[in-house]
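Q: I would like to learn how to read a model such as this one, feature by feature. Where should we begin?

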Amino acid sequence: MADITAKVFKYDPSVDDAPTFVTYEVDWVDDESGIMSALQVLHAVNEQEQLGYDWCCHSGLCNRCSMRVDGKAGLACWTPIEPGEHTFEPLAGFPVIRDLVVDKSDAYDKLVSVDVSIKTSSPMTTAKAIDFDLYWNTLERLNMCRECMCCYSVCPKIQEEGLGGRFVGPTAMMGIAQRYLDTEDESDRLAQSVYAGIFECDLCGECNKVCPAYIGIADIIAKMQEDAEARGLKPGETPYELY
Amino acid sequence: MGEVSRRDFLKGAGLVGASAAVAGLAGCSGSASANSDKGATVAAESAADLGRDVAVFETDVLIIGGGVSGLTAARKAASEGQSVLIVDKGPIGHSGTSGINWGHDLATNDWSADDGSESLALWVILAEGMSDQVYDLAMCQALKRSRASLVAEQSGMILQRDDITGEPLGLNVPGPITSPHGFFVRYYAQHCKRAGIPIHERTMVLDILVNDEGVASGAVALDLRNGTARVYRAKTTVLATGNYSWIAGWNGIKPCSISSPENTGDGHRMLLEHGVALRDMEQLPCDFVQWTPLATRQGMGAMGCSIVNYQSVYDKDLNPVTADLEKVAGVTNSSFMRMVARTLVNGKGTENGGVLIDISDVEHDDRYYRRCAENLSRALGYESPQHVEACPEQWETAARPFDMGNTGEVAEVPSLFYAAVGAGAWYGLGFWGAYGSGYLAGESSAAKAASISEIPSVPWEKAKVALDEAYAVLEAEPENGIRASELMKSVQIAYYDGLSFIRDEAGIQATLDEINRIEAEDLPKVFVPSKSKCFNTEWRKALEIKSLIKCAKGTGNAALLRKETRGAHCRTDYPKMDNANWLVATKVRFSEGAFQAEIVDNDMPYIGKDIITASVFESGLEF
């Protein structure tokens, strides 16, 4: 008897009118760690019937297996599962390419739209020292963002307003944060963050809960909002209604 | 299911890019098939004769591959004023070995006063003599010109700082090459896209187009999202498709390469099929992975050089693997691999063919492992034991063309440039070769493109052959068909049996026999269950198998020739390393349907044989 019942989202937009869920029975496989990952379940499903899913590194580094397992966004390779019934769906809010693979390119364009190149008045020729705590506990962690787009898929602001809204989105904002916190940069990153909609974020913290790199996205945004407000950069009420 | 609609699909996977010229539309498709019916060879003279829709793109410089090499070549060629287009098989920034975003060591000489010659000396010694010195000097000099560290910080990355001083880790380090962590390809890809370089991701090149004059004139490809055909026309082409490590992996879980499923050796297969001789195909840089939990493939991050204290590596009985360390003048990743091989050959390896690492020694020294243990604990609730079982796995290959001069142009195919790591993948310094060769190829391909007034003619009939073959694989309904993923796995298992890093003649020959059998008997039966052209993973695998087979055969032929132990090529039947007789290159070529392999002299114009012999300690499996 199978230990896992996998309900898997199946959709080939080139032939199917609508998505369906197909149920597969999968045997439990583990070792002395007692851990089986969601990605292992999908490998077993794919052996039974061809599945559209993407993966590469199996160690939380490449981003390619981001999806929803039991409704929660994350990397399949880093989602431990228990015996029983589980659902596998594509990341919410993205167009499906096939089955569990989505097209993240529109969200990716938001990252590209944020200019994170270093701005210095003279050409940069050196790199400077950075405090231990700032490097290891903040900047180096921002480096570890994998662009898995889980944070976009759970951000209420992005899901309400879409990518055309005022808020550039959680991880694109982290690109600005990295330059704001890295004191090498000479441009006004706080102002950039305001123009990129940092005050649109109401700090719900959903992004923090799904980030596989454990970046405290909402905490960093909160600090930047505070700093921006202290500098008088918080947008005020519109004084006149415009018709 | 309300959030997904057909409209979303059209938006997500539109048929062709807006800038494409679409040729050969349905109304034109009759002519070619009518010719086929007569049994005559079809001579396609234009895109309209291909018999199917094809999107045609033109650029000065075509870059195949979007990893460290390809992005560097693209950035450089674009900065020289050439139009550039990148084609990448996976999602950009996340495909191939580079796209795993390990936390890459930025191995570079731009912190030192070296003009490239000291770097070359180190490269040659680390590669244990297996170097094309003319090309590698040009590559090391290109790395210097590239200012890779500044490019990293300018494109959004923040390089590793020293724990105590906070200074960039590259400062004040003796030797020409420093290796701080923190070069992430995802930033680099963003940076190139931001700079306006067009990137076609999830697009798989089927073949380089070499015209009747023997000149590279672009490539023919499939858009993997929807299966549509593409032809790229270019004045020069840079082949930056990475390695063929995926030959040592299957299905992602053990035994498995820690490389990427993109690294099937498609570039090397194309080179071989176009008559290009490859050197040192037998070499296979390895790294180590933490074996438990089964669910993950957590790499150790160039273990042979990350673990500063070699006495923290043990056999199954907790005796140091590196007991002979004092006899070896300087430990390299290669000599470390051979110490591990010796442990395994002597039956002292762990249950799964590895060694034990005392991570209490490394956790606080090594940036990569610090995150590894932390992530396993946080993400999977797994607490690593003090002694972690670590197993060797292949992550790179050293093969590359002969005779690339000091430009990276492939001698046999003018206007084709090559960029990849090569033998310098040793010591975890893959970045060095990838960035240096990419920069060199970018410079050289741009200079040549600038000297060419018109894009060369396209051999449309060759594009047609490649496309017809690809679509036939999708449509085939062979009797007793073998599913593509199963067949790929059988090739990988056959390779692993005899061509994993511990080898002997009988094992290599057995692998070659089995690969030949698979090619003759099983490959014609390859079967793709779904006939949809939309992101069809089995179709892609079916198309990749011939590349794995070609690389396995090339590797086997070269491995039979090198009758000594060198690098991670550990021959139990020839356990000694022999500088006197084996500072040579293996040369493999594919001609008239067969492999030819020979040993050739290795030119050593800068770092002579005497220096190499004195500097490379002969630490084989016995010494």
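A: This is a predicted model. Begin with a single residue and its accessibility: at 65% relative accessibility, Asn480(B) counts as exposed.

Q: Where in chain B does Asn480(B) lie, and what is its phi?
A: Asn480(B) belongs to the loop between helix 15 (460–475) and strand 16 (482–483) of chain B. Its phi is near 50°, a positive value in a residue other than glycine.

Q: Is His58(A), with its own positive phi, buried or exposed?
A: His58(A) is buried, with a relative accessible area of 3%. Its phi is about 60°, although His58(A) is not a glycine. The residue sits in the loop between helix 1 (38–48) and strand 3 (66–69) of chain A.

Q: Which residues does a cis peptide bond join in chain B?
A: The bond between Thr292(B) and Pro293(B) is cis, with omega about 0°. Pro293(B) is in the loop between strand 9 (286–290) and strand 10 (298–299) of chain B.

Q: How should I read the cysteines, and how many disulfides are there over all chains?
A: A disulfide is a covalent bond between the sulfur atoms of two cysteines. By the distance rule, the count over all chains is zero.

Q: Why is Cys57(A) not in a disulfide?
A: The cut-off between two cysteine sulfur atoms is 2.5 Å. The closest cysteine sulfur to that of Cys57(A) belongs to Cys62(A), and because the two are 3.9 Å apart, they are too far for a bond. Cys57(A) counts as buried at 7% relative accessibility. Cys534(B) also counts as buried, at 2%.

Q: How do I read the surroundings of a buried polar residue, taking Asn109(B) as the case?
A: Look at its place, its accessibility and its partners. Asn109(B) is in the loop between helix 4 and helix 5 (117–126) of chain B, and its relative accessible area is 0%. A polar atom of the Asn109(B) side chain lies 3.3 Å from the backbone nitrogen of Lys144(B). Not counting residues up to four places away in sequence, Asn109(B) touches Asp114(B), Gly116(B), Ser119(B), Cys140(B), Leu143(B), Lys144(B), Pro176(B) and Ile177(B).

Q: What does Val588(B) touch, leaving out residues up to four places away in sequence?
A: Val588(B) lies in strand 20 (residues 584–591) of chain B and is buried, with a relative accessible area of 0%. Its contacts beyond those sequence neighbours include Leu272(B), Val276(B), Leu278(B), Met281(B), Ala558(B) and Phe595(B). For spacing, take Glu598(B): this residue is 10 residues from Val588(B) along the chain, and the two C-alpha atoms are separated by 6.6 Å.

Q: How is a whole chain summarised, for instance chain A?
A: Take its elements, its burial and the sequence range of its contacts. Chain A has nine helices and seven strands. Of its 243 residues, 60% count as buried. Among contacts in chain A between residues at least 6 apart in sequence, 61% join residues at least 24 apart.

Q: How many residues of each chain are in contact across the interface, and what area is buried?
A: The contact takes in 83 residues of chain B and 83 residues of chain A. About 7100 Å² is buried between the two chains, and carbon and sulfur atoms give 54% of that area.

Q: How many salt bridges and polar contacts are counted between the chains?
A: There are six salt bridges between chain B and chain A. One of them joins the side chains of Arg202(B) and Asp54(A), at 3.2 Å from N to O. The rule for polar contacts finds 35 residue pairs across the interface, with both residues at pLDDT 80 or more.

Q: Which helix of chain B gives the largest share of the side that touches chain A?
A: Helix 13 of chain B does, with nine residues. By class, this side of chain B has 32 nonpolar, 26 polar and 25 charged residues.

Q: What does one interface residue look like up close, say Gln190(B)?
A: Gln190(B) is in helix 8 of chain B and counts as buried at 4% relative accessibility. Leaving aside neighbours within four places in sequence, Gln190(B) is in contact with Tyr108(A), Leu111(A), Val112(A) and Glu147(A).

Key
Residues numbered from 1 in each chain as written. Chains lettered and ligands numbered in written order. Predicted model: local features only at pLDDT ≥ 70, side-chain atom pairs only at ≥ 80, totals over all residues. Heavy atoms only, no water. Contact = heavy atoms within 4.5 Å. Buried area = accessible area lost by both parts, 1.4 Å probe. Salt bridge = Lys/Arg side-chain N within 4 Å of Asp/Glu carboxyl O. Polar contact = N/O pair within 3.5 Å; in protein donor to acceptor, adjacent residues only side chain to side chain. Helix = DSSP H or I, 4+ residues; strand = E, 2+ residues; numbered from the N terminus. Nonpolar A, V, L, I, M, F, W, Y, C, P; charged D, E, K, R; others polar. Buried < 20%, exposed > 50% of the residue type's maximum accessible area, 1.4 Å probe, protein only.
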